[in-house]
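Got the viewer open? Switch to cartoon view, keep the selection box handy, and we'll walk through a helix and then a sheet.

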Amino acid sequence: MKTSSDIVHTGAFFRKGDLAALLDKVHRSKGWDFRGYKPASLKRRISKRLTTLRIGSVSEYLLFLDTDHSEYFRLFSHMTLKVSEFFREPEVFEALAAELKGARGLSRGARAWCCGVAHGQEAYSLAILLSETIGAKAMARTNIFATDIDHAAVDDAREALYRAESVQNLERPVLNKYFTRRGEMYEVKDEIRNVVKFGVLDIVKNPPLSRIDIVFCRNLFIYFNKKLQAEVFSKLDYALSPGGLMVLGNAETIPARYASMYEQVGAATRIFRKKRE
Ligand SMILES: C[S@@+](CC[C@H](N)C(=O)[O-])C[C@H]1O[C@@H](n2cnc3c(N)ncnc32)[C@H](O)[C@@H]1O
């Protein structure tokens, strides 16, 4: 007999066609398009929700969605994993800092975009890095656009308040310089907050930004199938100016059809410079 944890791990709630039926329903009702996300991780996460609700099958869950519309939002929250941290994959930030120190182009300020920013740690980390590397004058002319599909995560990110455990991997001088303690919480200081502009943007269905010098899109492609990776990459590529930097997650890479248009910056990290024509 299967235990509930077996069910969560194997996605045994799902019979053939169930996932497609559920994703079609979500798309029709709410406009959220998860149809190009990898099935295995979606099934795992949806199964968790069904276990919590003590619902035994996807067909039963489809009926439940009709009776309780607020369930769509809880399902959405389960389908978008928002794990992040300050200076996640620190070697990437070190390599980026080294690259930017020599970049005269950014002395006039930069336009950066963090796509899939979750609760904001990545955008604030980038703002701190830029503040330390490009100088105050350039910083005053710098904007970091930080976007995510999830309204609630974006609202949280804007608040710029983090628990002690979220800032524990920051070095003490960085913490003291860029954060203010508020009781049990740490708040990002205005000089950093003012550089970051948050917004809701679904990279699957919305058009991209433009004239960007640095694109961060990390730990999002891993959830997409190959076709969707290529579609989304074409939007990021559109956004990035020639000579700009594309920063992906350590487990991600540039789709084959774009590979010749980029050169890798250092072998150890997934930072790529877009070639000029
Ligand atoms: C695992 S987090 C990565 C956060 C951060 N980039 C990092 O690497 O620490 C993935 C984020 O992508 C967001 N996301 C998922 N699908 C998206 C979409 N279609 N458009 C924009 N953001 C999306 C999720 O809501 C989540 O916040």
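Select D18, L19, L22, L23, K25 and V26 and show their side chains: these are the buried residues of helix α2 in this predicted model. Look down the helix axis and you'll see them on the same side of α2, because they cover an arc of only 155° around that axis. The general rule behind this: an α-helix has 3.6 residues a turn, so residues three or four places apart point the same way.

What do the buried residues of α2 pack against? Add α3 (39-53), α4 (58-67) and α5 (71-79) to your selection, and you have the packing partners.

Now put a ruler on α2 itself, residues 18-30. Its end C-alpha atoms lie 18 Å apart, and that agrees with the expected span, because 13 residues at 1.5 Å a residue should also cover 18 Å. Step off the end of α2 and you land on G31, where phi is positive, near 80°.

Next stop, the sheet. Color β3, β5 and β4 in that order: they make up an open sheet of 3 strands, with antiparallel pairing. At the edges sit β3 (161-163) and β4 (179-182), each pairing on one side only. Tilt the view to see the twist: ignoring direction, neighbouring strands here are turned by 35° against each other on average.

Zoom in on β4 and β5 (residues 185-188), which pair in the antiparallel sense over 4 bridges. Which residue of β5 stands opposite R182? Click across from R182 and you'll find M185. If you turn on hydrogen bonds, remember that strands of a sheet pair through the backbone ones.

Definitions and conventions. Residues are numbered from 1 along each chain as its sequence is written. This is a predicted model: local features need pLDDT of at least 70, side-chain atom pairs count only at pLDDT 80 or more; totals for chains, interfaces and linings use all residues. Side-chain values use heavy atoms; hydrogens and water are left out. Helices (H or I, at least four residues) and strands (E, at least two) are DSSP runs, numbered from the N terminus. The expected span of a helix is 1.5 Å times one less than its number of residues. Buried means under 20% relative accessible area, exposed over 50%, partly exposed in between (1.4 Å probe, protein chains only). The arc is that of the directions from the helix axis to the C-beta atoms. Contact means heavy atoms within 4.5 Å. Two strands pair if DSSP finds at least two bridges between them. Axes are lines fitted to C-alpha atoms, for helices over the stretch in contact, and angles run from 0 to 180 degrees between N-to-C directions.
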